[in-house]
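Q: Got a minute to go through this model with me? I'd like to take one strand apart and then look at how the chains fit together.

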There are 2 protein chains.
Amino acid sequence: MNSSISQSQCKSMEFLNKEQKLIAKFKSLVGSSGRFIGDDCALLPGKMLVTTDTLVELIHFDIDWTDFIDLGWKAMAVNLSDIAAMAGRPKYALIVLSAPENLYESEKIISLYEGLNSCAQQYKTAIVGGDITRGTQLAITITIIGETHEAGVLMRSTAQAGDIVAVTGDFGASAAGLRILQNNPKAAKRGDLIVSFPASTDLQYGYCLQQFLRPQPKLEESWSLVEQIGSRGALMDSSDGLADALLQIAQSSHVGMHIDLNSIPIHDQTRHFAESININPIELALYGGEDYQLVACLPKDKWLAWQQESPIVANAFKAIGTVNESPDVQLMFGNEIAYKLDPQRIFQHIS
Amino acid sequence: MNSSISQSQCKSMEFLNKEQKLIAKFKSLVGSSGRFIGDDCALLPGKMLVTTDTLVELIHFDIDWTDFIDLGWKAMAVNLSDIAAMAGRPKYALIVLSAPENLYESEKIISLYEGLNSCAQQYKTAIVGGDITRGTQLAITITIIGETHEAGVLMRSTAQAGDIVAVTGDFGASAAGLRILQNNPKAAKRGDLIVSFPASTDLQYGYCLQQFLRPQPKLEESWSLVEQIGSRGALMDSSDGLADALLQIAQSSHVGMHIDLNSIPIHDQTRHFAESININPIELALYGGEDYQLVACLPKDKWLAWQQESPIVANAFKAIGTVNESPDVQLMFGNEIAYKLDPQRIFQHIS
């Protein structure tokens with residue numbers, strides 16, 4: 001498999017280890033009350049879900065590749081996706097902005113707020129507080145407070161052998177979008193290509209750009225899922241790539257998986273773009289990251305029943321494999337093992 | 001009055017206006033759901049209080065003047081103080097750290113976490129989540145989720161003419177501590193002065209340093225207050241100085257105040273330090289900031305009853321003035337108006 005992506009985009013193990021070590025040390029400091037650090041959300045009494053995340057300029061985004069309104073949208077969307085990843089419903093958002101002083105009077109900051117607000121409104125989340133402060137780098141920190149479905153909550157650690165692995169959409173498009181913007185920064189600026197692309201039919205990679213710039217948290221899909229299966233299943237989002245999501249679920253559930261390579265959904269534009277730069281589209285799908293799709297494991301009988309009872313709703317998910325008792329996540333071509341996912345190889349953001 | 005502090009420490013109106021304009025624009029964008037932006041906490045259904053705040057290197061702190069363990073303590077304490085400012089009780093904290101990569105393997109970050117954790121533990125707050133990311137500047141963003149007292153919540157906007165103005169402690173010590181550290185950065189380093197100062201009797205300004213480095217949120221005091229008076233009163237903390245707290249309450253409650261200059265508590269060390277650098281101690285008390293005391297307005301009859309019923313508890317507050325119907329906050333020497341607080345003159349942090 002072509003590894004050109006992995007060299008530029010995969011987080012060095014050294015740095016990843018540093019981050020993991022720090023989180024582990026901190027967890028040991030705070031004791032059992034900190035048991036959710038590192039997961040998508042903290043699950044608190046009263047069916048409360050809380051998540052907080054930060055996007056830092058040049059680490060998570062580059063304003064040469066994105067407009068401020070899209071940046072605001074995405075910052076909110078990726079945080080809402082953490083609530084989707086536990087099958088919850090967002091209720092409130094708080095926003096802390098650190099910004100260089102020269103941005104304070106710029107229309108850009110208003111655009112950023114507009115983007116944050118339009119995404120929050122779209123997903124019925126009330127912005128209830130926040131703070132703004134100066135800083136040398138633009139950074140957006142968002143806290144989301146939500147609630148779990150009364151049917152339960154879906155974690156990463158509760159997949160079981162025999163479960164179906166199902167996903168909400170295609171993979172690799174966002175990574176393709178990022179690369180297109182890196183090669184053509186102007187594409188991200190309003191008034192240029194993007195402002196018209198949702199309506200445009202002739203923009204070759206409009207879908208990929210939209211997936212990168214305006215991801216849609218899969219809140220409805222996860223809500224329907226937990227309604228159908230309760231808490232007997234596993235779930236997370238694919239913010240750090242499909243490979244990462246599969247491995248995280250497998251490792252924390254102590255299971256393995258067979259994933260059918262031919263079943264992993266990849267959009268035509270993604271395929272076309274990957275081929276145009278001479279890499280295997282599967283590379284983008286597995287390691288590209290920032291797709292914000294859901295990766296679910298659910299009991300086979302419930303999966304089949306769901307498809308019979310509500311084929312349209314169930315249709316939001318597509319089966320790509322099965323959970324088993326092996327120690328690995330194996331990618332299959334038919335009945336043949338093509339590849340084992342390497343836990344050492346993980347997506348990182350732009351820097 | 002000597003204005004040497006005001007020139008170096010007061011936020012320029014120009015910058016303040018920019019910040020306020022931005023917050024106003026954002027409030028207008030998000031509509032009524034954003035009505036709490038700019039206040040200490042958002043008050044949410046289910047008696048929930050939420051606050052989020054960020055401390056950015058060189059804006060809010062300078063690691064030449066503070067040790068990492070103290071920085072962690074203070075970051076947590078100032079956020080907890082926002083809960084105290086609404087007479088609530090903190091329950092959960094989430095911490096987002098942005099840090100330069102070279103700090104990742106340093107013991108400093110562990111010290112920072114230790115400080116955050118020890119303050120959280122002291123005030124019975126469970127750290128339940130967080131994130132760590134790279135950034136060029138060290139920044140600590142904390143979200144606190146708390147709950148209100150069943151007797152109600154105390155806001156800034158509910159002072160009434162006739163109320164007593166009362167405070168929980170002395171003012172200006174933290175500002176004195178900052179100036180001492182600015183002149184003697186080594187004083188902040190563990191193993192030097194600070195590590196022993198709580199026990200030391202011969203450290204001339206130990207109290208001022210402790211007030212700056214390890215502020216104590218007045219959670220018990222505000223909890224007792226609301227238990228006593230319910231929601232008929234007003235409250236905020238003095239994070240941005242006593243002058244700012246008095247003005248904020250007066251302006252949002254549409255009242256004035258008479259404050260007795262001789263009643264404002266000022267510690268002997270603060271007085272001594274102010275005189276040693278030739279400024280009026282009242283300047284430090286009014287505009288110094290970062291004291292994290294409470295400033296309360298409460299009905300006179302309840303104030304008197306409280307002192308009779310629970311003199312020890314009520315003793316946590318000291319009366320410094322009265323609320324009236326004038327348009328100003330007037331500082332009095334006896335019956336004579338010495339000074340009107342100028343709403344244009346406001347504390348800012350170190351930068």
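**Strand S9 and the chain contact**

Q: Is strand S9 of chain B mostly covered or exposed?

A: Mostly covered: five of the five residues in 294-298 of chain B are buried. Keep in mind that this is a predicted model.

Q: Which residues point which way from S9(B)?

A: B:Leu294, B:Ala296 and B:Leu298 point one way, B:Val295 and B:Cys297 the other way, and all are buried.

Q: Why the alternation?

A: Because in a regular strand the side chains alternate between the two faces of the sheet.

Q: Which strand is joined to S9(B) by B:Ile164 standing opposite one of its residues?

A: Strand S6 (residues 164-167) of chain B, which runs antiparallel to S9(B) and is joined to it by four bridges. B:Ile164 stands opposite B:Leu298.

Q: And what about S7 of chain B?

A: Strand S7 (residues 234-237) of chain B also has four bridges to S9(B), again antiparallel. There, B:Leu235 stands opposite B:Ala296.

Q: Switching to chain A: what is the strand order in the open sheet of seven strands?

A: The order is S7-S9-S6-S10-S8-S11-S12 in chain A, and the pairing is mixed.

Q: Which strands stand at the edges?

A: Strand S7 (234-237) and strand S12 (336-340) of chain A. Each has a single partner strand, so one side of each is left without a neighbour in the sheet.

Q: How many degrees is the average twist?

A: From one strand to the next the twist averages 25 degrees.

Q: What joins S6 to S9 in chain A?

A: Four bridges, between residues 164-167 and residues 294-298 of chain A, with the strands antiparallel. One of the pairs is A:Val165 with A:Cys297 in S9(A).

Q: OK, the contact. How many residues of each chain are in it?

A: 48 residues of chain B are in contact with 48 residues of chain A.

Q: Which element of chain B gives the most to that side?

A: S4(B), with nine residues. Others that supply at least two residues include helix H2 (13-30) and helix H4 (107-122) of chain B.

Q: How do the residues on that side of chain B divide?

A: Into 25 nonpolar, 15 polar and eight charged.

Q: What turn lays chain B on chain A?

A: A turn of 180 degrees with a shift of 0.0 Å along the axis, giving an RMSD of 0.0 Å. That is the relation of a two-fold axis.

Q: And which surface do the copies meet through?

A: The same surface, because 100% of the interface residues of chain B are also interface residues in chain A.

Terms used. Residues numbered from 1 in each chain as written. Chains lettered and ligands numbered in written order. Predicted model: local features only at pLDDT ≥ 70, side-chain atom pairs only at ≥ 80, totals over all residues. Contact = placed C-beta atoms within 7 Å. Nonpolar A, V, L, I, M, F, W, Y, C, P; charged D, E, K, R; others polar. Buried ≥ 20, exposed ≤ 12 C-beta atoms within 10 Å, placed from the backbone. Pairing = 2+ DSSP bridges. Least-squares fit on C-alpha atoms with pLDDT ≥ 70 in both. Axes fitted to C-alpha atoms, helices over the stretch in contact; angles between N-to-C directions.
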